[in-house]
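Colleague: I'm new to this structure and would love a friendly tour. Could you show it to me and then take my questions one by one?

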Amino acid sequence: MKNWLIAFLLVGTAAVGWTQTQTQEGADPAAKAILDQMKGIYESYKTLEADFTLEIEIPEQDKEVQKGSIAQMGEKYHLQLADQAIISDGSTLWYYLKSKNEVQINNVEEDGEDEIMSPKELLRIYESDDYQYALTNETYEKGKPVQQIEFKPLDRDSDYSKLRLTVLKKDKAIHRIKVFGKDGSRFTLSINALTPNKSFTNDYFTFDESKHQGVRVEDLRID
């Protein structure tokens, strides 16, 4: 579940998915206006790189803090955490465990079943009518005005009760995303730095075995 939530939280770096385009019954027009602005800004970027901090709080466990980065270019992405890397060129998915020097290779499934690792695919869940959202607060953090939008899943069987998106009011950049689990867990992604339109080569979105001497390869692709 942790991998799913890491990927889920990282969807915020692309932002398109937070911007539902449908007219949802009962949707907050103030929240939708903010999200539409964000959509226009983030969709204009050809590439996006973000440095982030991920806090994982699970009842009766010590708080876990991870730092990492993610880059996206179209369907391609490259996620780096302290203990793992998740890389996709849009057709192949590499999951690299650094401590074990082991990489698993999978196809990117057309039906999206393996897209728990794809921020862009996860964004598309917000283009459905599965969530209600509203602007719930406007406040200041470290002297900067921020706006908070909360999303609530309509599915009573959802694993989480709500998601809170905090946006910098001035430039409509994502500042923080927090997921509230029904079991009392909390997952918080804070964006430390955001760099749009950075140049990347296609090689950055593939896993180069030659750079990892002795790596154990588990190829799970189906021809």
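Modeller: Happily! One term before we begin: two strands pair if DSSP finds at least two bridges between them. Please keep in mind that this is a predicted model.

Colleague: With that in hand, over how many bridges do strand 2 and strand 3 pair?

Modeller: Strand 2 covers residues 64-73 and strand 3 covers residues 76-80. Pairing calls for at least two bridges. These two strands run in the antiparallel sense, and the number of bridges is five.

Colleague: Which residue is the bridge partner of methionine 73?

Modeller: Methionine 73 falls within the range of strand 2, residues 64-73. Its bridge partner sits in strand 3, and that partner is lysine 76.

Colleague: Now the wider view: which strands stand at the edges of the sheet?

Modeller: The protein has three helices and 12 strands. An open sheet of 12 strands, with mixed pairing, follows the order 7-8-9-10-11-1-2-3-4-5-6-12. Each edge strand has a single partner, so one side of it is left without a neighbour in the sheet; the two are strand 7 (131-141) and strand 12 (216-219).

Colleague: What does the twist average from one strand to the next?

Modeller: Let's stay with that open sheet of 12 strands. Going from one strand to the next, the twist averages 15 degrees.

Colleague: At about what angle does helix 2 run to strand 7?

Modeller: Helix 2 takes in residues 29-43 and lies across several strands, including strand 1 (48-57), strand 8 (144-153) and strand 11 (186-196). Strand 7 is also one of the strands it lies across, and the angle between them is about 85 degrees.

Colleague: Which residues does the second, separate core include?

Modeller: In general, nonpolar side chains tend to be buried together in soluble globular proteins. Here, the largest nonpolar core has 36 residues, and among those that touch the most other members are Leu35, Met38, Phe52 and Phe151. Apart from it there is a second core of eight residues, which includes Ile87, Trp94, Val103 and Val215.

Colleague: Is histidine 78 buried or exposed?

Modeller: Histidine 78 is found in strand 3, and among the residues it touches are Ser69, Ile87 and Phe205. The cut-off for buried is under 20% relative accessible area. At 7% relative accessibility, histidine 78 is therefore buried.

Colleague: Which residue has its backbone oxygen 2.6 Å from a polar atom of the side chain of histidine 78?

Modeller: Histidine 78 has a side-chain partner to mention too: a polar contact of 2.9 Å joins it to the side chain of glutamine 80. The backbone oxygen at 2.6 Å belongs to tyrosine 204.

Colleague: And how far apart in space are lysine 98 and glutamine 84, C-alpha to C-alpha?

Modeller: Lysine 98 lies in the loop between strand 5 (92-97) and strand 6 (102-107), and its relative accessible area of 30% makes it partly exposed. Gln84 is one of the residues it touches, as are Gln80 and Asp83. Lysine 98 and glutamine 84 are 14 residues apart in sequence, while in space the distance is 5.4 Å.

Colleague: Last one: what is the relative accessible area of serine 158?

Modeller: Serine 158 lies in the loop between strand 8 and strand 9. Beyond its neighbours within four places in sequence, serine 158 is in contact with Pro153 and Lys182. A polar atom of its side chain lies 3.2 Å from the backbone oxygen of tyrosine 160. Serine 158 is buried, and its relative accessible area is 13%.

Note on methods
Residues numbered from 1 in each chain as written. Predicted model: local features only at pLDDT ≥ 70, side-chain atom pairs only at ≥ 80, totals over all residues. Heavy atoms only, no water. Helix = DSSP H or I, 4+ residues; strand = E, 2+ residues; numbered from the N terminus. Core = buried A, V, L, I, M, F, W, Y, C linked by side-chain atoms within 4.5 Å. Buried < 20%, exposed > 50% of the residue type's maximum accessible area, 1.4 Å probe, protein only. Axes fitted to C-alpha atoms, helices over the stretch in contact; angles between N-to-C directions. Contact = heavy atoms within 4.5 Å. Polar contact = N/O pair within 3.5 Å; in protein donor to acceptor, adjacent residues only side chain to side chain.
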